[in-house]
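Have the model open in your viewer and keep the selection box handy. We will go from stop to stop, choosing a few residues at a time.

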Amino acid sequence: MGEEARPADDLRGANPRTPAPIGSSVIPIVNKLQDILTPVRGQLSQISLPQVAVVGSQSSGKSSVLEALVGRDFLPRGCDICTRRPLVLMLENSSRRPDNEDRVAEWGEFRHLPGKRFYDFSKIRQEIQAETVREVGYNKGVSDKEIRLKISSPNVLDMSLVDLPGITKVPVGDQPSDIEARIRKMIMAHIRQENCIILAVSPANSDLATSDALQMAREADPTGSRTIGVITKLDIMDRGTDARNFLLGKVIPLRLGYVGVVNRSQEDINKNRSIADALAYEERFFCDHPVYRGLLDHCGIPQLARKLNQILEHHIRTVLPDLKAELNSFAVGVIKELRTYGEAMESRGEQGVILLNILTRYCEAFYAMVDGKSHEMSTKELSGGARIQYIFQSIFVKSLEEVDPCEDLNDDDIRTAIQNATGLRNSLFVPEVPFEVLVRRQIARLLDPGLQCLRFVYDELMKMSRACEVIELQRFPFLRKRMDEVMGKFLRDGIKPAERMIANLIEMEMDYINSSNPNFLGGTKAVELAKQEFKPSQGSHPPSNNERPVSSGGSNATKTWGITSMFGSRASSGKSQASRSLGETVSFMEQIPSTIQLREPPSTLRPLEMTEHDAVIIIATKLLLRSYYDIVRKNIQDLVPKAIMHFLVNHTKRNLHSTFIQKLYRDDLFEELLQEPDEVVVKRKQTHQVYNVLQKAIQTLEEVESDVLPQSSNLRLGPDTTTGLLKTPDISSSSLHSTNNSDSRSSYIPSFTSSSARRLFPSEEQSSAVNSNGV
């Protein structure tokens, strides 16, 4: 059958050996996915489906191009901004539908009006305007909330287009002052997506080199690999000029190339000139033009439709595997989220089981974190029990080791303490009393670090109690609150015996100074070491003139002391010198020529000038203080962590679960503890919906995976000069490039003839006749 008389039915290829039209299986899948994902598009806004975004300045001819692709007048028009919301246009070729009733019928359906079909395309225009007003009002503002329209027709190719608001420069009327910035932001949000093919529309009667559409496309697609250039209004360019170099990509190269089209003028629209007539005029214009008749593969709406179909087909085949992986990834996240909400509970028995399970899992997670067996162990920082061990060894122990017990005692303080302890006598050895006073004072300093260590461990346990949260607890905030209260009180109760134990340890050390400890230096050894240390220092620092010399009979004097000491024995003095008689004293006083007046002693007295003996005793005292402090410090470093582990950490591990059961696992508390907030109920329902949608979308892809992947994996090498893409096995070279071969015209897109234009986009009279006959 010749081309002129070929019926619409033959466009599908009645012969089973005739290849199906390009995009016969893949592009409708994306449209189906659009339908599937639309109800939950807000929750899955990150998923980008392959589509074509139409970008252009205001009055660039975008609407005319879209209407020409559909073959119907259905878009709002005017001198001001008309597209104020993105219009997602899903074109479905209905010639392949199995049901005879809708096989050749043309209709549109809005997503916000499911089930309502519009057969009158003027009504579609009115609904677009009404839906725009419902969202953004009567002013000229814009919104990024999409309008979704599906058009089914035997005269369209399967594809998905997004008509975006036209780029405007100057606000008019009551438009927002930042209208241009808003529109540009909206456009960029769409065309930056890697799955988006950019259809950049530029009018030929303006400077194409400064086209807003091409500039934005270059920003979103620097390599030009996703951009198709469309040059409109070629018939109204200045005489003597043409767009040949642009169509050939010599000015602004695009990998997908350019297509030039001729639009209906406003006069044509006012006179209701049909699109079929406009296509016939476009064909004659290009065929008769001395320049463009040699570039027919770059000109005309049919060529643009074919090019878009081929590019979108190839693009979809390329991205479908990644799209399926992305959907699966989202499904995994949704499943994980669903687990946090759980299933709705009805019986008290179910409530008890869930509560017991939550309490048990919480305790197990806490124990695992303390013992370092958590499945979510961090590799970036210390956590759980490792932090407690760090507190013990790197903070508590190390801090005590760095303390000098004599750092807050100067020599005068020590000498004063010694002289106060000796009373009326001079000390020959280090007195026991001042040593014990000084060492107790240093031991007492260990109490605060021990209690601080306990507080640090308590804080870590509280952090762990919050970090090991069972995911179901997100669903039950009342239970979470009560568990926090029980956990906090339990740990605070555990602190009290640990505090008492640490205080007792310090008091025990202070209460009995064990000078018999084998590690203790001892007084005799301390004095010997002090003398050895003093001799070299004496050579460099000779005693002052006021320093009293040490008596040469010091060794004899030592034997006269009788004071018992842990450092050695002291002997009391023997007979004192005989006192003078009272008479002799009076006689002596009478011979004194005058009275000597003594100074009143000051309220605060300090020791006399330091002697060599004093220096030795001070050094010995410091040696003894350090020696005994080290013994006590090691005891405290060992026993304080043990006390904390016994009374707090291990006590928590032993008794936490039973405490939860005792405090919370009660029939009268089930309903209160497991009460769900309203937003959780709503969220569970929404997440279930998202999950079902994702499952349906994944199943849709799996149904065609065997057909799509083999074709996408066997791509022929070498670019297609028409589309700029690699050739696919189901797209022959002749069908891509030939416009005169009759075999190529048996594919869906016919060549440039008036009859083919009428068949691709029949007039409204023809369509009406077809519909009424049901053929």
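Select E131: with a relative accessible area of 13%, this residue falls under the 20% limit and so is buried. Bear in mind that you are looking at a predicted model. Now add R134, whose salt bridge with E131 brings the closest N and O atoms to 2.8 Å. Both belong to helix 3 (residues 121-136), and because they are three residues apart there, about one helical turn separates them. R134 has 54% relative accessibility, so this partner counts as exposed.

Next, move to helix 9 (residues 301-341) and pick E313 and R317, which lie four residues apart, about one turn of the helix. Are these two buried or exposed? E313 is buried at 1% relative accessibility, and R317 is buried too, with a relative accessible area of 4%. They form a salt bridge whose closest N and O atoms are 2.4 Å apart.

Go back to E131 and R134 and add R85 and E127: salt bridges that share partners join these four into one network. For another pair, show D178 and R182, a salt bridge with its closest N and O atoms 3.1 Å apart. D178 is partly exposed at 33% relative accessibility, and R182 is partly exposed at 39%. The model's count of salt bridges comes to 26.

Switch to a cartoon view for the sheet. It is open, has nine strands in the order 4-3-5-2-6-1-7-8-9, and its pairing is mixed. At its edges you will find strand 4 (117-118) and strand 9 (258-260), each pairing on one side only. Colour strand 2 (residues 87-93) and strand 5 (residues 147-153) next; they pair in the parallel sense over seven bridges. Which residue of strand 5 is the bridge partner of L91? Select I151 to see that partner.

Then bring in helix 1 (residues 27-37), which packs on the sheet and touches strand 1 (51-56), strand 2, strand 5 and strand 6 (159-163). The direction of helix 1 makes about 135 degrees with that of strand 2. Helix 5 (residues 212-220) is worth showing as well: it lies across strand 1, strand 7 (196-203), strand 8 (227-232) and strand 9, at about 155 degrees to strand 7.

For the last stop, select F478 in helix 15 (residues 477-511). Beyond its neighbours within four places in sequence, F478 is in contact with E672, L673 and Q675. F478 and Q675 are 197 residues apart along the chain, yet their C-alpha atoms are separated by 6.9 Å. F478 counts as partly exposed, at 38% relative accessibility.

Note on methods:
Residues are numbered from 1 along each chain as its sequence is written. This is a predicted model: local features need pLDDT of at least 70, side-chain atom pairs count only at pLDDT 80 or more; totals for chains, interfaces and linings use all residues. Side-chain values use heavy atoms; hydrogens and water are left out. Helices (H or I, at least four residues) and strands (E, at least two) are DSSP runs, numbered from the N terminus. Buried means under 20% relative accessible area, exposed over 50%, partly exposed in between (1.4 Å probe, protein chains only). Contact means heavy atoms within 4.5 Å. Two strands pair if DSSP finds at least two bridges between them. Axes are lines fitted to C-alpha atoms, for helices over the stretch in contact, and angles run from 0 to 180 degrees between N-to-C directions. A salt bridge is a side-chain nitrogen of Lys or Arg within 4 Å of a carboxyl oxygen of Asp or Glu.
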